[in-house]
Amino acid sequence: MNSHIVFLLLKLKNAALYKKEVVIIDFKQDYIPILQLLYKEGYIQTFLVTKENTKNKFTITIYLRYIYNIFALSNLKLLSKQSCVRTITYKQLSCNIYDIRKTFFIITNKGLQTQTTCKLNQLGGRLFFMC
């Protein structure tokens, strides 16, 4: 598990605690798949990759989504750590043992996916975080 990705998730959650609408972070290629998945699932409004004119430095501007004045990622919880990795099989996913109102993000051999796409593709993997 990459510590940069954990940093991104914690930065988004901390921004929500302070009721920020926009978060600007330095560009890392690892952030793009997670931001695309968060956008697809409706947890962020949008994100933009911009280049600063003075330097060859790229930044990512993330616009957070609030629903009825509550941040969409307010229930974000990291499930796996480097010291404690939690795995889930396709059989466990298909039994619906987890709460259906929450979205689980799972690291599979095909990349980061949600529980619904893992069910469709019959995949298991490491639980990463939930919202």
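**Entry 1: a hairpin late in the chain**

I looked up Thr108 and found that its bridge partner in strand β9 is Gly111. The two strands involved are β8 (residues 104-108) and β9 (residues 111-114), which pair in the antiparallel sense over four bridges. I noted the rule for pairing: DSSP must find at least two bridges between two strands. β8 and β9 make a hairpin, with two residues between them.

I wrote down what I am working with. This is a predicted model, in which local features need pLDDT of at least 70 and side-chain atom pairs count only at pLDDT 80 or more, while totals for chains, interfaces and linings use all residues. Residues are numbered from 1 along each chain as its sequence is written, and side-chain values use heavy atoms, with hydrogens and water left out.

**Entry 2: Leu112**

I stayed in strand β9, where Leu112 has its place. Is Leu112 buried, exposed or partly exposed? Leu112 has a relative accessible area of 23%, so I entered it as partly exposed. The cut-offs are under 20% for buried and over 50% for exposed, with partly exposed in between (1.4 Å probe, protein chains only).

I then listed contacts, meaning heavy atoms within 4.5 Å. Without its neighbours within four places in sequence, Leu112 touches Ile34, Leu37, Phe105, Ile106, Ile107 and Phe128. I also checked Pro33, which is 79 residues from Leu112 along the chain; their C-alpha atoms are separated by 7.5 Å.

**Entry 3: helix α2**

Two of those contacts of Leu112, Ile34 and Leu37, sent me to helix α2 (residues 31-41). Which residues of α2 are buried? I found Tyr31, Ile32, Ile34, Leu35, Leu37 and Leu38. Just after α2, I saw that Gly42 takes a positive phi of about 90°.

**Entry 4: the whole protein**

I counted four helices and ten strands. For these, helices (H or I, at least four residues) and strands (E, at least two) are DSSP runs, numbered from the N terminus. Read from the N terminus on, the order is α-β-α-β-β-β-β-β-β-α-β-β-α-β.

The radius of gyration, taken over C-alpha atoms, is 15 Å, which agrees with the value near 14 Å for a compact globule of 131 residues. The globule rule is 2.2 Å times the number of residues to the power 0.38. The C-alpha trace spans about 50 × 35 × 30 Å along its principal axes. I noted that 36% of the 131 residues count as buried. Among contacts with a separation of 6 or more, 60% come from residues 24 or more positions apart.

**Entry 5: strand β3 and its partners**

I moved to strand β3 (residues 58-64), where Thr61 sits. Five of the seven residues of β3 are buried, so the strand is largely enclosed by the rest of the structure. Thr61 is buried, with a relative accessible area of 11%.

Which residues does Thr61 contact, leaving aside its neighbours within four places in sequence? I listed Val22, Val23, Ile24, Thr46, Phe47, Leu48 and Thr50. Of these, Ile24 has Thr61 as its bridge partner in β3. β1 and β3 pair in the antiparallel sense over five bridges.

I then checked strand β2 (residues 44-51), which runs antiparallel to β3 and is joined to it by seven bridges. Phe47 has Ile62 as its bridge partner in β3. β2 and β3 are joined as a hairpin through six residues.

**Entry 6: Asp26**

I looked up Asp26, which is found in strand β1 (residues 22-26). Its relative accessibility is 43%, so Asp26 counts as partly exposed. Beyond its neighbours within four places in sequence, Asp26 is in contact with Tyr31, Lys57, Phe58 and Thr59. One of these, Tyr31, is on my list of buried residues in α2. I also took a distance to Tyr90, 64 residues away along the chain: the C-alpha atoms are separated by 35 Å.

**Entry 7: Leu17**

Last, I looked up Leu17 in helix α1 (residues 3-17). Is Leu17 buried or exposed? Leu17 has a relative accessible area of 63%, so I entered it as exposed. From Leu17 to Leu123 I noted 106 residues in sequence and 34 Å in space, C-alpha to C-alpha.
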